[in-house]
Amino acid sequence: MTREEQVKAVGLKAGARVVGIAAVDAFREKVPEGYRPGDILPGARSVVVAGGDGPTAGAWRCPDHRVMEITGYDLRENVAVHAMCDFIEGALSHHAIQAPSLPVHGHEPPMSMMHAAELAGLGTRSLAAHIILNPEYGLLYYAALITTLPLEPDPPLAEPACPHPGCAAMYKRIGTTPCLRVCPACLAGTVQDGRIQASTYDREKCHSRAQTYGIGSFQKGLLQIVNEDDPGRRRTMIYGDFFTKSLQSVGFFRDSIAQCFECMRVCPVGRKYRKLQ
Amino acid sequence: MTLPPTATAALKSVALKSGATVCGVADATAFDAYAPEKHRPGDLLPGARSVVVVGGAQPREGDWAATSPWVLQTMGTTERIQGVGRRLAQYIEHEFGYYALYVPPGTASGDTPFLSLMLAAQLAGLGSKSLAGPVLNREHGFMYWSAVITTAPFDGDQVEAAAACPAPPCREMWEREGTTPCLKVCPAADGGCLSGKLESGRAVRTFYDAARCNTRVHTHWIGGFQKVLEETLNEPDRDKRKMLLYGDFFTRSLWAITYSSTNIAQCFECMRVCPAAHGLKEMK
Amino acid sequence: MSVFKLDPEVYKRYKDEVLKLCNSFQRIDQPGLSDKQIAERLGLDERTVTEIRCVAERDCYSLEEWEKAIEFKRKATLEWSALALKRPDLKPE
């Protein structure tokens, strides 16, 4: 086994659905200073990216959207990253760290997992919120490690996963695609000759949907509460459903990190894995 | 009911296979001399005889080498040893038929833990207190701890005779400069948390400002949340209230609260400079 | 001294520009600027830009948008379920 195969095997065994490798230099082109792997780990040479499953096929079929709001995902890609880090430091004696991906200033993480996944050949940006779609599995969640271990990188995908041929055909017929049609509030885009020609994504509006209950709603609810002079109305706000769900989500945020799946629900990429008995 | 003679060895083997780096056992009564009432093993599990302690999940060499402060602050690994503790509690009950209580890593009230995991690690022979505060293991350095209190009479380990701290380079530095790396990076006399004195290569006095350390180790967490909330409630201007509640500090504090298991420790500077904290492995 | 608090007047003056330049409204072919890059462009210090961006991200839409989000998801899930699961009884009103 090559070193690359060894590292990937560790990640796949630990539960990743896919594993890819990107060279650190590849991040220079589009990533501003301060957010590149070399800014995080001196001497970094490679970024290994693990993609993990999202909701189960059964969860997608639930007519109650609230289930997926709090089901979350099992974060297996993070487990895979830890397993690979342990292997790289333990067996190969090179520095390896989990790439910091939690937001640290507003919505901004120290490093983009989406971009890492693209560079590692695991997927391409889509019309749907620019979500990285893996051509085989569709929506996956990504985590990465940064290491001083030199590894042969995987090339970015030559063929984009989006638009799916069905979506390209739909666009030709009626000027829209399933994701653009279901969520015009957050998404807009055009398709030409079977490729994305233009695409915009209102992340702040999407935030009200993808993280309806959580840090943001807690802050907004709290501001309303502190600004309310009437004690009776204040009370109903504090104990009401919205603020209560916001607090619950803050307490279990890891399980409710993604709360809107409508653009992905209608996406045909990877859908075959959601057809079970 | 008695334990089979190989029980302690089997327990430690399971601990290491489950992911612990070290495993030791402390006699439950040994805590009485050091721990206040209500925070001794017998207070949590009546009839407690042993406390099983596991250490591990320490930051990797790469974590210490990282120049981004967000690596250690947001991607903490303490949770990985807690899972081992939970598993051992189940194992003890199912395998040996004795009661086992996994010590919750949170606090009983305020900043007071249910049981001091640092004290447990010392009494289980897994390390000793350093000038900077954390318990250091002689071979592996700085680690995270988890503990299980049990009525099973496992064989206890001896307290470490020789301490990891002060390390030889620190003793030499004290002779030269009257300070050590940890005392120098975070001096109480200059707004930091630590001070101390070495004599004949041993620490004879230590000082640790826990309240100040709290502002560093838990910069973005419950305390900061409470402070901003208080300031917001006291702020008469509504626009300024928005600046407080939507601002960077409060937002980050909320993220740290929601992901507290990986954000639980947010300052490592005393350990970063400690020659005894990082274990003994060479890295590339 | 208390925690860093942005001057509301500074916030009002720059919030729209900061939102436009950062990653709040994304184009697939054009990454947003970092706080440092925005600061250089607007002649502010980086810390102030970070603070403006954090507040503006949260302030961008009112809580009414959150109410719309709750309703949107409820309806969209039911509409899809009615179609894909062949359950017309699930179709929302």
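# Close-up views of a predicted three-chain model

**View 1. A helix lies over two strands in chain B.** Helix α1 of chain B, residues 7-17, lies across β1 and β2 of chain B and runs at about 140° to β1(B). Keep in mind while looking around that this is a predicted model. A second helix, α5 of chain B (residues 79-96), packs on the sheet too, where α5(B) touches β2, β3 and β9 (144-150) of chain B. The direction of α5(B) makes about 20° with that of β9(B).

**View 2. Here is the sheet of chain B itself.** Four strands make up this open sheet, and going across it you meet them in the order β1-β2-β9-β3 (chain B). The pairing is antiparallel. At the edges sit β1 (22-27) and β3 (100-102) of chain B, each with pairing on one side only. On average, neighbouring strands in this sheet are turned by 25° against each other, direction ignored.

**View 3. Now we zoom in on β1 and β2 of chain B.** β1(B) pairs with β2(B), residues 50-56, in the antiparallel sense, and 6 bridges link the two. Which residue of β2(B) is the bridge partner of G24(B)? That partner is V53(B). Next to look for is V25(B), which stands opposite V52(B) in β2(B). Is β1(B) enclosed or open? Of its 6 residues, 5 are buried, so β1(B) is largely enclosed by the rest of the structure.

**View 4. L3(B) sits in the segment before α1 of chain B.** Buried, exposed or partly exposed: which is L3(B)? With 18 other C-beta atoms within 10 Å, L3(B) is partly exposed; a residue needs 20 or more to be buried, and 12 or fewer to be exposed. Leaving aside neighbours within four places in sequence, the contacts of L3(B) are F96(B), A152(B), P153(B) and F154(B). For a sense of scale, find F142(B): 139 residues separate L3(B) and F142(B) in sequence, and their C-alpha atoms are 32 Å apart in space.

**View 5. Chain B meets chain A.** In this contact, 30 residues of chain B touch 30 residues of chain A. On the chain B side, the elements that give two or more residues are α3 (61-65), α4 (69-74), α10 (222-234), α11 (238-246) and α12 (248-258) of chain B. Which of them gives the largest share? That would be α12(B), with 7 residues. Sorted by class, the side of chain B that touches chain A has 13 nonpolar, 7 polar and 10 charged residues.

**View 6. Chain C also meets chain B.** This contact takes 13 residues from chain C and 12 residues from chain B. Two elements of chain C give two or more residues to its side of the contact, namely α1 (8-21) and α3 (46-59). α3(C) gives the most, with 6 residues. By class, the side of chain C that touches chain B has 7 nonpolar, 2 polar and 4 charged residues.

**View 7. Let's follow helix α3 of chain C.** How far apart are the end C-alpha atoms of α3(C)? They are 20 Å apart, which agrees with the 20 Å that its 14 residues should span at 1.5 Å a residue. As for its surroundings, 11 of the 14 residues of α3(C) are buried, so this helix is largely enclosed by the rest of the structure. Among the buried ones are T48(C), V49(C), I52(C), C54(C), V55(C) and A56(C), along with E51(C), R53(C), E57(C) and R58(C). What do the buried residues of α3(C) pack against? Their partners come from three chains: α9 (203-210) and α10 (215-227) of chain A, α11 and α12 of chain B, and α1 and α2 (35-42) of chain C.

**View 8. Chains A and C are each divided into domains.** In chain A, the domain assignment gives domain 1 (3-147) and domain 2 (212-256). Taken over C-alpha atoms, the centres of these two chain A domains are separated by 31 Å. Where domain 1 of chain A touches domain 2 of chain A, each gives 4 residues. The domain 1 side of that contact has 1 nonpolar, 2 polar and 1 charged residues. Chain C, for its part, is divided into domain 1 (1-60) and domain 2 (62-93). The C-alpha centres of domain 1 of chain C and domain 2 of chain C lie 34 Å apart.

How values were computed. Residues are numbered from 1 along each chain as its sequence is written. Chains are lettered from A and ligands numbered from 1 in the order in which they are written. This is a predicted model: local features need pLDDT of at least 70, side-chain atom pairs count only at pLDDT 80 or more; totals for chains, interfaces and linings use all residues. Two residues are in contact if their C-beta atoms, placed from the backbone, lie within 7 Å. Ala, Val, Leu, Ile, Met, Phe, Trp, Tyr, Cys and Pro count as nonpolar, Asp, Glu, Lys and Arg as charged, and the others, Gly among them, as polar. Domain bounds come from an automatic or database domain assignment. Two strands pair if DSSP finds at least two bridges between them. Axes are lines fitted to C-alpha atoms, for helices over the stretch in contact, and angles run from 0 to 180 degrees between N-to-C directions. The expected span of a helix is 1.5 Å times one less than its number of residues.
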